[in-house]
2 protein chains.
Amino acid sequence: MFKKVLVVEDLDTVAYGISMMLKQELGIREVHSTEYCDKAYTKIEGELRKGQPYDLLITDLSFKKDHTPLQLHSGKELIEKLRQKEHNLPIIICSVEEKPTMVKRFIQIDKVSAYVLKGRNGLKDLKEAVMAVFKGQHFVSNTITQLTKGSGFFELEDYDVSLLSYLSNGFSQTEISATLSKEGISPSSLSSIEKRLNKLKDILKANNNVQLVANAKDLGLI
Amino acid sequence: MFKKVLVVEDLDTVAYGISMMLKQELGIREVHSTEYCDKAYTKIEGELRKGQPYDLLITDLSFKKDHTPLQLHSGKELIEKLRQKEHNLPIIICSVEEKPTMVKRFIQIDKVSAYVLKGRNGLKDLKEAVMAVFKGQHFVSNTITQLTKGSGFFELEDYDVSLLSYLSNGFSQTEISATLSKEGISPSSLSSIEKRLNKLKDILKANNNVQLVANAKDLGLI
DNA sequence: GTAATTTTTACGGTTTTCCGTAAAAAAGTT
DNA sequence: AACTTTTTTACGGAAAACCGTAAAAATTAC
């Protein structure tokens, strides 16, 4: 089994739970944990230089902002920086996000070994994942593989979410159009934005932009 | 210290972490946990009938939906049903939501003893909360009390909240005016409604109705 | 009871959203 | 290459939101 594992997770409750499981149920002796991606990166580099590198990285994706200034704001950025700097240790992502396309991306491009969905079986899945990865195998939580098959579920693109986000921040449609075209993001015309928003109103069953944003908030999309 | 505690939490990682902490650090012998609010309710009732009631309830607020049909969909509903049925055991909420008005509501109306924010200090806070509640005191995580103090915490009238609520349900200002005058609620004129909404936009720092509703959602006003 | 103040309502003008239609551009097919 | 389909953009009119001003009504003060 792995001997030295780093857990990156901002919720201390979760970090504690994972660490305990790794130690008690998998008998891993050295389990370190940190609440920030920046610290995680320096730790990984540091231990490597000491000649005592980590065997495995388990990381969350989203981290709450607080008042410490950071370079790396998400698990995604941490992973990308690690791979960019040729750190090849196996990585397990442990997150509540269940977007199939993202998961695929992580596994194919960033060579992530496993994707565990935090949920009713999160910890059991993680245990399985660690064992699988130790054998050189991959692991993805069931609920996600199910999602990739049944495509009846609606999934919004980042573009749509950003529109909703702009709206919720008080931008008018005209202002959104101007902002997008300034940033070279397409489509950017007022007309296209209206069309997208109409599609979203249809999906989220809203009569107007106000209700649209309200419903999006309720669903946790923004 | 409490002797018999029920933890209601859908993420097994979190449930595991909390349970371990309660047992190991606070020496609580009987720690049960469940992933559904419905089960939580029946357990509480059941143990009470057996004459071995729980001393304390620790519950999350939001639960992921899966394919088991449920009566109680959230911690809020569980708590309300318990109080309605005269279950007076102390309750600690442990959630990621940090909406000041909600927290106040829980403490004042539902007689919740503590509100712990899941975050970098979630587990430490929870430990403190349990000890405080055992002494008959209240506990609210720091980050939340900061929010209630800092940058103006406003008490809105029911009228204002109902306006926001109408908006979030897709009503136009004209429709709201018509509805209010039909129900004999004053003021009901379009002009007055505009004026109120302008005041609200001022208070909640919003440029337009869309942002207004978004911000109101963030604060848990609606 | 009258004056002063506040609240509610009314109205006009400008901007933005909302909604349909349609052209222009891009992407995909054969 | 020619055609079809999809995506993006353009435009015009109606509805709604936005913003200022001001009259009417209700409250309060004296």
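Me: What makes the pair formed by a backbone N or O atom of Gln173(B) and a phosphate oxygen of DNA strand D a polar contact?

Reply: Good place to start! The two atoms lie 3.1 Å apart. A polar contact is a pair of N or O atoms within 3.5 Å; within protein, one must be able to donate a hydrogen and the other to accept it, and residues adjacent in sequence count only if both atoms are side-chain atoms. At 3.1 Å the pair is within that limit, so the name applies. Please keep in mind that this is a predicted model, in which local features need pLDDT of at least 70 and side-chain atom pairs count only at pLDDT 80 or more, while totals for chains, interfaces and linings use all residues. Residues are numbered from 1 along each chain as its sequence is written, chains are lettered from A and ligands numbered from 1 in the order in which they are written, and side-chain values use heavy atoms, with hydrogens and water left out.

Me: Which other residues have an N or O atom listed beside a phosphate oxygen of DNA strand D?

Reply: Ser188(A) does, through a backbone N or O atom at 3.1 Å. Asn209(B) does too, through a polar side-chain atom at 3.1 Å. Two or more residues of the surface near DNA strand D come from each of α9 of chain A and α8 (173-182) and α9 of chain B (helices are DSSP runs of H or I, at least four residues, and strands are runs of E, at least two, numbered from the N terminus). The largest share, 3 residues, is from α9(A).

Me: How do you know that a residue belongs around DNA strand D?

Reply: One of its heavy atoms must lie within 4 Å of the strand. There are 13 such residues, and Pro187(A), Ser191(A), Ser192(A), Glu194(B) and Asn208(B) come nearest. On the DNA side, sugar and phosphate make up 53% of the strand D atoms that come within 4 Å of the protein.

Me: And what makes Ser192(B) and a phosphate oxygen of DNA strand C a polar contact?

Reply: An N or O atom in the side chain of Ser192(B) is 2.9 Å from the phosphate oxygen, so the pair meets the polar-contact limit. For Asn209(A), a polar side-chain atom sits 2.8 Å from a phosphate oxygen of strand C, and for Ser188(B) a polar backbone atom is at 3.1 Å. By class, the surface near strand C has 1 nonpolar, 9 polar and 3 charged residues. Here Ala, Val, Leu, Ile, Met, Phe, Trp, Tyr, Cys and Pro count as nonpolar, Asp, Glu, Lys and Arg as charged, and the others, Gly among them, as polar.

Me: Why is the meeting of Asp66(A) and Arg120(B) called a salt bridge?

Reply: The rule asks for a side-chain nitrogen of Lys or Arg within 4 Å of a carboxyl oxygen of Asp or Glu. Here the N to O distance is 3.3 Å, so the pair passes. The count between chain A and chain B is 9 salt bridges. On the side of chain A that touches chain B, at least two residues come from each of α1 (12-26), α5 (122-134), α7 (158-168) and α10 (209-218). The largest share, 10 residues, belongs to α1(A).

Me: How many residues of chain A are in contact with chain B?

Reply: 42 residues of chain A contact 42 of chain B, where contact means heavy atoms within 4.5 Å.
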